[in-house]
Amino acid sequence: MWEAHAKLLFGDAPVRFDPRVKVDFPMIAENQRSFPVAIDARAIPGVKRIVLMADLNPIPIAIDYRPSDSDAYLATRIKLDQRTPVRGAVQLASGEWLVSGGWIDAAGGGCSTPPVSRVKGDWAEHLGEIRGEAWPLSTGSSRLRLNFRHPMDTGLVDNIPTYHLEELTVRDANGREMAQMAIWASVAEDPAITLMPHAAADAALTIEGRDSNGRDYRAALTVARQSPMPQ
Amino acid sequence: MILTRRGMLAAGAALIAVPAQAQGNYVIEPVAMGDGIWMVHGADEPIAPANGGAIANITIIATPAGTVLCDCGPSLAYARALRKVAEELTGKPVVRAYVTHLHPDHGMGIAAFDPRIVAALPGTIEALAREGRGYSDAMYRLLNDWMRGTELVLPGRTITAGREDFSGRALKLLALSGHSGADLALVDERSGLMIGGDLVFHNRAPSTPTADLPAWRVSLDRLSAEPHGGLIPGHGPYDPDGRAAIAQTRDWIDWLEETLTQAVRSGLDMVEAGELPIPDRFATMAAARYELQRSVSHLYPGLEARLLPRIDQPG
């Protein structure tokens with residue numbers, strides 16, 4: 001599958017495997033509906049784009065992220081439909097791609113089992129709820145955590161059409177874009193996303209999102225004044 | 001694959017080092033813990049093909065009425081081998097098999113017994129009826145041929161807290177919860193030994209897929225208050241003192257909850273939370289990193305929903 005994905009994603013652009021793209025995840029896929037992955041490419045200068053993908057998922061790409069005014073870092077949770085490579089691909093201004101990743105074993109069906117909130121039937125009651133917080137880092141950036149309530153239907157279950165959060169933008173107080181991403185239904189139900197925008201303590205941030213039915217999502221928060229105690 | 005001489009030698013060396021369970025037959029070695037009571041120590045590891053899923057501790061008790069088993073392992077093949085070993089040991093047929101809770105490493109083996117002699121708490125039987133098929137699928141996926149012939153069978157006998165007397169040797173039954181929705185612990189009155197089920201782990205990190213931590217603490221208090229001698233934990237070595245394993249289990253779940261709470265408050269994502277340092281005092285615990293990462297998966301979303309503030313605005 002890698003060759004096919006690579007051709008679609010990278011075209012003729014140069015591609016290198018590079019361990020400085022740190023793709024980190026737990027040793028066990030305890031829950032194939034929600035598998036945490038972090039891509040840390042902060043050691044590479046000039047990252048323009050970060051793509052998170054799982055080769056053997058029916059929806060291979062999870063997030064296509066442009067950290068326009070943010071550190072090259074992305075953490076989220078994805079569905080796993082079977083044992084698969086999980087990869088991070090980062091693109092530099094030159095157009096070159098750097099790729100890394102690893103295999104994870106998983107029980108099947110992360111993309112083809114119904115979302116928990118569909119089974120419970122309460123997804124619509126919580127749609128639009130967003131939780132989040134931002135903490136300043138010593139680097140001058142902040143650590144922004146966003147948790148959305150959304151069923152993230154893959155279209156592969158019970159004739160329920162695909163329905164997912166598909167766009168997310170973080171802006172500063174002047175409305176300038178700091179981070180922007182396209183999101184696919186292979187991101188886990190109730191998407192949880194961690195970013196590092198270049199926003200210091202007290203900075204105001206706004207979050208705009210849209211799902212595949214055209215519903216808009218808005219949130220606002222201020223970066224905390226104090227960083228948490230180191231653990 | 002091309003086999004070289006060096007490759008053959010390496011394969012030969014590996015064969016000598018493989019654990020007993022890798023040969024396709026379960027090796028069951030009961031160790032006497034007291035008068036007429038034995039423990040079969042499961043591998044202190046995750047469920048894996050190398051151990052055939054035989055990771056839970058099993059207790060065998062000889063009573064005048066027959067042999068009593070507390071838990072019976074992950075598969076039909078295991079439970080058949082266990083039954084043979086236990087009956088040879090005591091010279092009497094198995095008359096009772098208790099299933100302490102719903103997890104498959106403890107209970108899938110009941111397929112080897114007449115359901116009428118298999119006893120569990122009502123909550124365990126309900127949970128098995130609901131979740132058993134999923135557990136069974138997961139065990140087959142992980143263990144393949146070790147599971148051959150193992151069907152999901154429900155315990156046929158419902159028990160509640162109290163006492164069961166086997167013609168002169170009685171077991172006290174404690175109906176608790178916290179590791180799962182229904183956890184059975186037992187005390188053998190003759191030896192004074194406590195059989196903790198998975199409420200108690202010892203030098204093996206506790207697992208939390210169905211845990212309710214506050215309820216678990218209440219149950220550990222109850223076990224501490226219950227008079228007993230040594231303790232056979234659900235996983236890990238025998239605790240001769242009977243207190244250390246309870247204290248260690250409590251220490252781990254307290255540390256776990258506090259650490260993950262602090263991790264959410266510090267803005268860590270799940271990957272980072274699973275990589276937090278584990279204190280030196282838990283260095284003796286097998287599978288600690290593995291269970292921490294599993295627990296992050298189990299507990300983190302709930303903590304985030306509780307601790308992260310709402311920031312959404314009207315569209």
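This is a short exchange about a predicted model with chains A and B.

Biologist: What makes chain A agree with a compact globule?

Modeller: The rule sets the expectation. For 231 residues, a compact globule would have a radius of gyration near 17 Å. Chain A has 17 Å, so the value agrees. Along its principal axes, the C-alpha trace spans about 45 × 45 × 35 Å.

Biologist: How many helices and strands are in chain A?

Modeller: Chain A has 3 helices and 15 strands. Of its contacts with a separation of 6 or more, 65% link residues 24 or more positions apart.

Biologist: Why is strand β3 of chain A called largely enclosed?

Modeller: Count neighbours. A residue is buried if 20 or more other C-beta atoms lie within 10 Å of its own. In β3(A), residues 35-40, 6 of the 6 residues are buried, so the rest of the structure largely encloses the strand. For chain A, buried residues make up 49% of the 231.

Biologist: How do you know that both faces of β3(A) are covered?

Modeller: Take each side in turn. A:F35, A:V37 and A:I39 are buried on one side. A:P36, A:A38 and A:D40 are buried on the other.

Biologist: What makes β3(A) a paired strand?

Modeller: Pairing needs at least two bridges. Strand β2(A), residues 22-24, is joined to β3(A) by 3 bridges, antiparallel. There, A:D24 has A:A38 as its bridge partner. Strand β6(A), residues 73-78, is joined to β3(A) by 6 bridges, also antiparallel. Here A:P36 stands opposite A:R77. Both counts meet the cut-off of at least two, so both are pairs.

Biologist: Which strand of chain A pairs with β13(B)?

Modeller: Strand β15(A), residues 216-222, pairs with β13(B) in the antiparallel sense over 2 bridges. The cut-off is at least two, so 2 bridges qualify. A:A219 stands opposite B:D312.

Biologist: How many residues does each chain bring to the contact?

Modeller: Chain B brings 25 residues and chain A brings 33. On the chain B side, α8(B) gives the largest share, 5 residues. By class, that side has 9 nonpolar, 8 polar and 8 charged residues.

Biologist: Where is the kink in α4(B) centred?

Modeller: On B:E131, with a bend of about 60°. Buried residues of α4(B) include B:L128 and B:Y135. The buried residues of this helix pack against α3, β6 and β7 of chain B. After α4(B) comes B:N144, with a positive phi near 50°.

Methods
Residues are numbered from 1 along each chain as its sequence is written. Chains are lettered from A and ligands numbered from 1 in the order in which they are written. This is a predicted model: local features need pLDDT of at least 70, side-chain atom pairs count only at pLDDT 80 or more; totals for chains, interfaces and linings use all residues. Helices (H or I, at least four residues) and strands (E, at least two) are DSSP runs, numbered from the N terminus. The radius of gyration is taken over C-alpha atoms; the globule rule is 2.2 Å times the number of residues to the power 0.38. A residue is buried if 20 or more other C-beta atoms lie within 10 Å of its own, exposed if 12 or fewer, and partly exposed in between; C-beta atoms are placed from the backbone. Two residues are in contact if their C-beta atoms, placed from the backbone, lie within 7 Å. Ala, Val, Leu, Ile, Met, Phe, Trp, Tyr, Cys and Pro count as nonpolar, Asp, Glu, Lys and Arg as charged, and the others, Gly among them, as polar. The bend at a residue is the angle between axes fitted to the seven residues ending there and the seven starting there.
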